[in-house]
Amino acid sequence: MWRAAADQPVARILADFLKNPTLGAAQNRLVFCALKTLSSTRINVLIMFLSQNSGSCVQNHFPTASLYIDFDAFFANVEKQLDPSIRARPVGVTALDSEHSALITRCYIAKGAGIKRGMRVSEARAMRRDIVIRVARPDIYVDIHNRIVAEVNRHVPVKKVWSIDEVECALIGDEQQRAADIGRAIEAGLKRNIGPYITPSIGLAPNQFLAKVAAEMDKPNGFVTLRAKDLPGPLFDLKLSDLPGISSGMETRLHKAGIMSVEDFWHISAKHARAIWGNVEGERLWAQLRGHPIEKAPTQRRMFGHSRVLSGEFKDPKRAVDCLRLLTVKAANRLRRENYTAAAMSVSFKTQNKIRWSGETQFSACRDDHSLLGHMHRLYERGMSETRPKRLQSASVMLHKIALPTQRGRDLFEDQNSRNWEKLTDVMDGLNRNAKRAVIHLGPRPKIPGGYAGAKIAFGRVPDAEDFY
Ligand SMILES: [Mg+2]
């Protein structure tokens, strides 16, 4: 009978347990059950410890617990779904109606012709004269996104929306055995109820990280399962930069450390990975690649903000500030919807001759338009007097030092006036919400070319309906 010494840490006990030769094949399953009974933070520590001390024996028992869906060329394919006349042609989507504008998405026909994301419309036209260029319609994309989430929820609950075209589901219990069937049912449901041109690529794997990798492996319209027992196998065909979390900067750092491929990375220790990153992220990625069920702790929001490439008359610094007003109001509105306050703001802009300016200011925590617009105007004027630009190319505003109202420190200089503005802002928000558009706002609210000022679709955030008014 194997016994643990009572005063040993859990990790040590389990490691000893694993080394015990009399336990045979049952040990992995037992260890897995033991792991499941521990709290998640302790599991993270423990499984790293175990995998360093006992080879791959734990690995084989990570079930297929994550299903990741990444839509192919989403905006371009939505346009194709909605307009049958462009389905057989290369399609690109831009943010602005301009030949200088960059493609934010292009369909697979365009991709096949060598047209890349980020390429200018004029360049893309030079490669395929028949390319169809569409200006993005975020409200329509968000609507389809919401319908997609509803469709996936009919099969298995969506655990997290990662971006407008990426969602993740956690598979539990017997869903893990039926993973492939569930994936196929989702695929069929999307085809039937959303449309056959809006194609998903689906990945199944022990954790979200590998499921995302799997979804990327056979695009478009892929369906890839990475089981723990198949690892590392197909991973070695990938480039380091194919792995989520390895940016080009990190890739360079890995190269400097002599790690040129996923295979090289696979063979280093968790400790070594941590040393290369300089923090726990390296170790986390190392463990996720092996199928460990590691999740990132939910991070606290650090900032709210918007940026904008300026066009036409809005390049004029006198008009650019109107655009910044709108961006500030949109950011403040989101701040309030998520029930936060801000205590710092930064405003930045780039001039036509590529000079970048950025300024930051701190203030007592607030959340109303009046205070935040005041801070924005003062920062902007400072930037103007320091750079005296003729024309601007882009501008952005960010709210920082985000906290919940309950966390806001007592400010000795806080005046009743700012509290009144907050109350007034809440009343205005209520009116606008009821009317489903901005019926009441402070000062001018110009129409910005390209529209949709606050509803820019960024990775990790899908705009709410309220972002559109
Ligand atoms: Mg995608």
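How many of the 21 residues of helix 14 are buried? In this predicted model, the count is 16 of the 21, so helix 14 is largely enclosed by the rest of the structure. Helix 14 covers residues 317-337, and its length can be checked with a little arithmetic: at 1.5 Å a residue, its 21 residues should span 30 Å. The C-alpha atoms at its two ends are 30 Å apart, which agrees with that expectation. Just after this helix, N339 takes a positive phi of about 65 degrees.

Helix 9, spanning residues 208-217, gives a second case of a helix largely enclosed by the rest of the structure, because 8 of its 10 residues are buried. The buried residues are Q208, F209, L210, A211, K212, V213, A214 and A215. What do these buried residues pack against? Their partners are strand 1, strand 6 (166-170), strand 7 (200-205), strand 8 (223-225) and helix 13 (280-289).

Strand 1 itself, residues 66-71, contains D70. Is D70 buried or exposed? A residue is called buried when 20 or more other C-beta atoms lie within 10 Å of its own; D70 has 23 such neighbours inside 10 Å, and therefore counts as buried. Leaving aside residues up to four places away in sequence, D70 touches D165, E166, S201, A215 and E216. A215 has already appeared here as one of the buried residues of helix 9. D70 also shows how folding can bring together parts of a chain that are separated in sequence: D70 and I202 are 132 residues apart along the sequence, yet their C-alpha atoms are 6.5 Å apart in space.

Attention now turns to a sheet. Strands of a sheet pair through backbone hydrogen bonds, in either a parallel or an antiparallel manner. Here, 3 strands form an open sheet in the order 3-2-4, and the pairing is mixed. Strand 3 (103-106) and strand 4 (132-135) stand at the edges with a single partner strand each, so one side of each has no neighbour in the sheet. On average, and ignoring direction, neighbouring strands of this sheet are turned by 30 degrees against each other.

Strand 2, residues 91-94, pairs with strand 4 in the parallel sense over 4 bridges. Within strand 2 and strand 4, G92 and I133 can be found opposite one another. Helix 4, residues 74-82, packs on this sheet and touches strand 2, strand 3 and strand 4. The direction of helix 4 makes about 115 degrees with that of strand 2.

Key:
Residues numbered from 1 in each chain as written. Predicted model: local features only at pLDDT ≥ 70, side-chain atom pairs only at ≥ 80, totals over all residues. Buried ≥ 20, exposed ≤ 12 C-beta atoms within 10 Å, placed from the backbone. Contact = placed C-beta atoms within 7 Å. Expected span 1.5 Å × (residues − 1). Pairing = 2+ DSSP bridges. Axes fitted to C-alpha atoms, helices over the stretch in contact; angles between N-to-C directions.
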